[in-house]
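Trainee: Please pick one part of this model and look at it closely, then work outward to whatever surrounds it. I would like one connected account, with the cut-offs behind each term.

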2 protein chains.
Amino acid sequence: MAEIRIAYPPWVARRVAWDAVYASDDDRMGLAIDLSRWNVVEDTGGPFGAAVFERDTGRLVAVGMNLVVPLSNSALHGEMVAFMMAQARVGSYTLAGEGMPAHELATSCEPCAMCLGATLWSGVRRVLCGATRDDALRLDFDEGPVFDASYEYLAERGVDIVRNVRRAEAAEVLALYRRRSGVIYNA
Amino acid sequence: MAEIRIAYPPWVARRVAWDAVYASDDDRMGLAIDLSRWNVVEDTGGPFGAAVFERDTGRLVAVGMNLVVPLSNSALHGEMVAFMMAQARVGSYTLAGEGMPAHELATSCEPCAMCLGATLWSGVRRVLCGATRDDALRLDFDEGPVFDASYEYLAERGVDIVRNVRRAEAAEVLALYRRRSGVIYNA
């Protein structure tokens with residue numbers, strides 16, 4: 001049986017400023033949007049990027065990008081890759097472990113149903129979203145069964161969610177992908 | 001940055017009958033429940049098992065089991081592992097690709113929010129569930145934001161979901177896990 005291996009595309013080492021401090025919400029979303037754009041222009045997957053930070057220091061812990069098509073794996077949305085890589089880095093199945101700093105996710109587009117569920121299990125305490133479900137739908141990307149009650153469910157469990165951060169810039173990458181005729185899987 | 005590697009625990013090679021034909025819903029759920037129990041008794045993760053079959057032939061394509069704690073990865077619920085391994089085996093990000101037979105998932109417990117979303121993206125056309133959300137909650141496993149409307153969303157998109165298949169046997173493995181004082185993460 002195959003072993004699953006998930007690694008970043010080569011451009012991550014070249015493009016990501018690992019040692020920068022991402023102080024503000026705008027800085028953090030800026031990286032998530034850059035990741036989504038780099039993934040399109042490098043032709044390594046869908047137009048979605050994400051990053052996990054230490055919430056209070058702005059230290060970058062992990063990045064993620066949609067790798068569904070190149071890695072033949074429908075689970076590899078940008079948020080999922082970011083969570084997996086962050087947990088590998090801290091060596092725990094939760095980013096909310098005892099003695100850990102609080103973590104947060106920035107994602108270039110509102111999470112689909114899978115990624116919203118994964119957000120709850122990941123241990124992040126805060127989420128920044130760029131483009132909206134409607135922006136994704138306009139590109140024919142289905143977001144799955146996500147409802148207002150889904151967001152409330154996470155909020156009640158202490159996950160702070162901020163939407164529409166640099167939305168227009170994030171949505172512009174979705175449009176760029178469409179212009180380049182990228183694969184719309186699961187349309 | 002770490003590469004993520006996901007492989008089955010060693011007992012899979014020894015215990016799983018890969019060449020058997022799983023003809024009925026009962027046979028398929030029987031394997032999912034066996035996987036959940038083996039994962040508990042072998043001490044390799046949480047009490048959840050899943051398997052992907054070709055729907056019409058009963059051929060086994062992939063199995064999955066909860067590997068969250070041993071692999072430090074909150075995404076590795078049994079269903080997610082089964083989907084990833086099945087897609088790796090067929091070499092595609094979808095199990096509903098052109099020319100493919102229809103696929104189905106059997107899972108020992110109703111999918112959490114993440115796994116229900118992942119079910120939609122996986123390409124399976126049918127899902128068998130054993131234990132229920134309430135059975136999982138009694139063990140203090142949160143299932144996340146899953147609503148009746150979530151199931152309807154999948155049904156409207158052609159995913160046939162059958163619940164309460166061998167529920168009592170599936171729930172018994174959850175109770176076994178509790179008796180053995182397994183880790184309840186994300187409680």
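Mentor: The account below starts from one strand of chain B and moves to its sheet, the chain contact and the other chain.

The model is predicted: local features need pLDDT of at least 70, side-chain atom pairs count only at pLDDT 80 or more, and totals for chains, interfaces and linings use all residues. Residues are numbered from 1 along each chain as its sequence is written, while chains are lettered from A and ligands numbered from 1 in the order in which they are written.

The part is strand β2 of chain B, residues 49-54. Strands here are DSSP runs of E with at least two residues, helices are runs of H or I with at least four, and both are numbered from the N terminus. Of the 6 residues of β2(B), 5 are buried, so the strand is largely enclosed by the rest of the structure. Buried is a count: 20 or more other C-beta atoms within 10 Å of the residue's own, against 12 or fewer for exposed and partly exposed in between, with C-beta atoms placed from the backbone.

β2(B) has β3(B), residues 60-65, as an antiparallel partner over 5 bridges; two strands are called paired if DSSP finds at least two bridges between them. Along this pairing, B:A50 lies opposite B:G64, and B:F53 opposite B:L60. The two strands make a hairpin with 5 residues between them, and in its turn B:G58 has a positive phi of about 80°. β2(B) also pairs with β4(B), residues 103-109, again antiparallel and through 5 bridges. There B:A50 has B:T107 as its bridge partner. B:A50 thus has a partner in β3(B) and another in β4(B).

These strands belong to an open sheet of 5 strands in chain B, ordered β3-β2-β4-β5-β6, with mixed pairing. Since β3 and β6 (160-162) of chain B stand at the edges with a single partner strand each, one side of each is left without a neighbour in the sheet. Neighbouring strands are turned against each other by 15° on average, direction ignored. Helix α2(B), residues 25-41, packs on this sheet and touches β2, β3, β4, β5 (126-131) and β6 of chain B; its direction makes about 145° with that of β2(B). Such angles run from 0 to 180 degrees between N-to-C directions, on axes fitted to C-alpha atoms, for helices over the stretch in contact.

Next comes the contact between the chains. It takes 42 residues from chain B and 42 residues from chain A, where contact means C-beta atoms, placed from the backbone, within 7 Å. On the chain B side, the elements that give two or more residues are β1 (4-6), α3 (78-90), α4 (113-122) and α6 (148-156). α4(B) gives the most, 8 residues. This side divides into 27 nonpolar, 12 polar and 3 charged residues; Ala, Val, Leu, Ile, Met, Phe, Trp, Tyr, Cys and Pro count as nonpolar, Asp, Glu, Lys and Arg as charged, and the others, Gly among them, as polar. Strand β1(A), residues 4-6, is joined to β1(B) by 3 bridges and runs antiparallel to it, with A:I6 opposite B:I4.

A turn of 180° and a shift of 0.0 Å along the axis lay chain B on chain A with an RMSD of 0.0 Å. That is the relation of a two-fold axis. Superposition is by least squares on the C-alpha atoms of residues with pLDDT of at least 70 in both copies. In chain B, B:M114 has the C-alpha nearest the axis, 1.9 Å from it. The same surface serves both copies, since 100% of the contact residues of chain B recur in chain A.

In chain A, the sheet also has the order β3-β2-β4-β5-β6 and mixed pairing. Its β2(A), residues 49-54, runs antiparallel to β4(A), residues 103-109, over 5 bridges, and A:V52 stands opposite A:L105. Helix α7(A), residues 167-179, packs on the sheet, touching β4 and β5 (126-131) of chain A, and its direction makes about 60° with that of β5(A). Chain A as a whole has 7 helices and 6 strands, and 52% of its 187 residues count as buried.

Methods:
Two residues are in contact if their C-beta atoms, placed from the backbone, lie within 7 Å.
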